[in-house]
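Colleague: I am new to this structure and would be glad of a guided look at one part of it. Could you start from a single residue and then show me the surroundings?

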Amino acid sequence: MNSHTLSTSIEYLKGVGPQRGELLKKELSIFTYADLLQHYPFRYIDRTRFYKVNELNADLPAIQIIGRVMSKAVLGEKRTKRLVLEFKDDTGLIELVWFQSIKWFEKNIQTGAVYLIFGKPSVFNGRISISHPEIEPYDPKAKKQGNLTLQPVYSSTEKLKLFNLDTKGIQRLQASLLENQLRDITENIPSYLLEKHQLMDKKQAILNIHFPENTEELAKAQKRLKFEELFFIQLKILRNKLLRSRKFKGVIFEQVGEKFNTFYNEKLPFELTVAQKRVMKEIRQDTQRGIQMNRLLQGDVGSGKTVIALMSMLLAIDNGYQACLMAPTEILAKQHEQSLRSLIDDDFVKIQLLTGSTPKKKRKEIHEQLLSGELNILIGTHALIEDAVQFHRLGLAVIDEQHRFGVQQRAKLWKKSLVPPHVLVMTATPIPRTLAMTLYGDLEVSVIDELPAGRKPIKTVHMYESQRLRMFGFIKEEIAKGRQVYIVYPLIKESEKLDLLYLEAGIEAISLEFPLPEYKISIVHGKLSPAEKEFEMQRFVKGSTQIMVATTVIEVGVNVPNASVMVIENAERFGLAQLHQLRGRVGRGAEQSYCILMSGNNLSNDAKLRLQTMVETNDGFRISEIDLQLRGPGDIEGTQQSGVLDLKLADLAHDQQLLQTARQSVIDIYEEDPDLLKTENALLRTYFEMRNPGISWDKIS
Ligand code: ADP
Ligand code: MG
């Protein structure tokens, strides 16, 4: 856009002035003309379509109908006084109601005449009615009835409405701005790209997003502006990636050596799945290119990420480097240690565990072994990134659970080595493709989308309170077979007291139903000290208790293959991602496992859909897609700093195709012209620099 006129402060626009200008800035963050143009309508009222009475329901937005006024009556007294018209077409009858200007409408509307009305249907006393509709006599011969276009609806606030800046008021400002400043809107996408992707030009797009000629033009305008948003985000993300690959040369794992081969041929107790083999190949290729690897490995719980981590670390060791594996909690770190040790012994490669509770003496020993190079693999928590931890030659850092580590912590890891180590980030929370491309667009992404053969899918059922006894009966049967059971309660901060009541009542009911000495129960919740928690968990892990009653603290960290039932209480209060994580605690052994979702009877539509989704599928990727559709990206962890929330039009839940196109387009451009030096790309570079004023084109942000 032309930086001169469109960067003019908003109060100078005709019809704004200092007072409204202040309000626009405060309430809607509209500071300049350009900001106003980017305050896009959030929906449109379709005045091209006419509805029939029998099509109406309370979920519709404002709509228009043609019909005849059958009767008029003024009902009620004082505050309930209202004018009620019966309005009929050939499919049925509704009521039109006015609480204001009763006299005027009573006098001017003729019983028996045909009118065109426009308003939002609602339900009152079980009947459809419309209050305060716009109404005008219907003339079938008139060429244009009503205002035959899509009317934009803008978000506004109560304060702005007091100053006549409701949706209509904002529309007037847009109209006056576009009338005078349209020519100042300049293109920011080169014409060869517009042609290639059949995109409307910028002026037309801005004009049509505010005042669409028809639905087709509106769709084209939306496509163009969404593309633009997604395109420039990708241009930035991939630029960072490019610069990083130039700045950080990666260590090269040239050979597959003795450790890797011995493990693969002699120690690996199973055949890798096709997905695991593919991922191993991707990592292998990444680590011999001389560029630092930054790879995100996504795979559902139980998909076998650990062995990938181990084999990657062996690759590093074979090439003369050390590796580390970092986990978000002490429990998880210990578990990793155990599972690695179950696959290989200390004579083969030397492994140590370092956490906050490692005693001083041991710590010192580890530091020394690390520096001398004697230690091959260091497993641990955040303790790993402390300054005191110095490697001899760190070649690979594996990080489990992306979400809990920030970018800065990753960066700290890199600095542990002159040449930054390759980084493999593993997460069991699958992220929809669109989010991954935006949040982790600068990482390569690998996916294990297949469970090891012979794994029995977990059976999930949804039960109501009335079926509680059946649920208890089922638990008893499973325990009789020697299995163990989780019962989980939600504990959500805002209503902690209420949650604790639920938990206590639940524990009481369970203790009555499952009495000692036949049944033993572990109870774990946030109010316990870490030591108490650990003690209770260990009792369950060792099998000395059969039931673990817990709040969501068990979400991360417990691995008990003998547990075959997961009961989730008040399941309607959990989000999909959490439900899926919890369910992943079972199904780890050879036995058939079950997940029972307990809920109340009154469920919102969203809650129903969540529970239904859980019953229908075990596929974490499908679940994450539905989660994104339900919640939008805002509630998904990690999106806050990513810029996806600044998207004005594009929507990661629905615009996957367009995002893919935009990303590919950027990849192609950088391939040909990494520094945007070609004339045809000059526009992109200028716009990029203008949009990211703090970020120099040549520096990594
Ligand atoms: P996660 O991806 O959740 O970290 P793990 O790596 O802990 O999963 O693997 C879950 C279980 O599956 C482990 O007991 C592991 O040994 C086993 N496993 C991994 N890969 C395979 C495979 N290809 N075939 C059979 N079992 C496997
Ligand atoms: Mg794991």
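Does Thr 613 count as buried or exposed, and what is the relative accessibility of Thr 613?

Modeller: Happy to help! Please keep in mind that this is a predicted model. Thr 613 counts as buried, because its relative accessibility is 3% and the cut-off for buried is under 20%. The residue sits in helix α20, which covers residues 605-616. If we set aside the neighbours within four places in sequence, Thr 613 is in contact with Leu 576, Ile 623 and Ile 626.

Let us step back to see where this belongs. The chain has 701 residues, and 50% of them count as buried. It contains 23 helices and 23 strands, and its C-alpha atoms fill a box of roughly 95 × 75 × 45 Å along the principal axes. The accessible surface comes to about 33900 Å², with 51% of that belonging to carbon and sulfur atoms. Among contacts between residues at least 6 apart in sequence, 72% join residues at least 24 apart.

The domain assignment gives domain 1 (5-44 + 166-211), domain 2 (49-148), domain 3 (258-448) and domain 4 (459-617). Between the C-alpha centres of domain 3 and domain 4 there are 31 Å.

From here we can visit some salt bridges involving other helices. One of them joins Arg 468 and Glu 569, with 2.6 Å from N to O. Arg 468 belongs to helix α16 (residues 468-480), while Glu 569 is in the loop between β22 (563-568) and α19 (576-583), so this pair ties together parts that are 101 residues apart in sequence. Both Arg 468 and Glu 569 are buried. Elsewhere, Glu 187, Lys 202, Arg 224 and Glu 228 are joined into one network by salt bridges that share partners. For the chain, the count of salt bridges comes to 32.

Helix α8 is a good next stop. Glu 217 and Lys 220 both lie in this helix (residues 215-247), three residues apart, which is about one turn of the helix. Their side chains meet in a salt bridge of 3.5 Å, N to O. Lys 220 is partly exposed, because its relative accessible area is 46%, a value between the 20% and 50% cut-offs.

Lys 226 forms a salt bridge with Asp 655, and their closest N and O atoms are 3.3 Å apart. Here Lys 226 lies in helix α8 and Asp 655 in the loop between α21 (620-631) and α22 (656-672), so the two tie together parts that are 429 residues apart in sequence. Lys 226 is buried, with a relative accessible area of 18%, and Asp 655 also counts as buried, at 11% relative accessibility.

Helix α8 also brings us to the nonpolar interior. The largest nonpolar core has 53 residues, of which Leu 230, Phe 231, Leu 235, Cys 324, Leu 378 and Leu 684 touch the most other members. The element that gives the most to this core is α8, with eight residues. Domain 1 (5-44 + 166-211) and domain 3 (258-448) both contribute residues, so the core lies between them.

Leu 230 is worth a closer look. Beyond its neighbours within four places in sequence, Leu 230 is in contact with Leu 647, Ala 650, Leu 652, Asp 655, Leu 658, Leu 659 and Ala 662. Asp 655 is thus a contact of Leu 230 as well as the salt-bridge partner of Lys 226.

A second, separate core has 42 residues, including Phe 263, Leu 310, Met 313 and Ile 317. Phe 263 appears again in helix α9 (residues 258-267), whose buried residues are Lys 259, Phe 260, Thr 262 and Phe 263. Those buried residues pack against α10 (274-286), α11 (305-318) and α12 (330-343).

Let us finish at the surface. Leu 498, Leu 501 and Tyr 502 form a nonpolar patch there, with about 290 Å² of accessible area together. Leu 498 lies in helix α17 (residues 496-513) and counts as partly exposed, at 45% relative accessibility. By contrast, Thr 613, where we began, counts as buried at 3%.

Definitions and conventions: Residues are numbered from 1 along each chain as its sequence is written. Chains are lettered from A and ligands numbered from 1 in the order in which they are written. This is a predicted model: local features need pLDDT of at least 70, side-chain atom pairs count only at pLDDT 80 or more; totals for chains, interfaces and linings use all residues. Side-chain values use heavy atoms; hydrogens and water are left out. A salt bridge is a side-chain nitrogen of Lys or Arg within 4 Å of a carboxyl oxygen of Asp or Glu. Helices (H or I, at least four residues) and strands (E, at least two) are DSSP runs, numbered from the N terminus. Buried means under 20% relative accessible area, exposed over 50%, partly exposed in between (1.4 Å probe, protein chains only). A nonpolar core is a set of buried Ala, Val, Leu, Ile, Met, Phe, Trp, Tyr and Cys residues joined through side-chain atoms within 4.5 Å. Domain bounds come from an automatic or database domain assignment. Contact means heavy atoms within 4.5 Å. Patches are made of residues with over 30% relative accessible area and no salt bridge: like charges are joined within 9 Å, nonpolar side chains (Val, Leu, Ile, Met, Phe, Trp, Tyr) within 5 Å. Accessible areas come from the Shrake-Rupley method with a 1.4 Å probe; for residues, only the protein chains shown count as cover.
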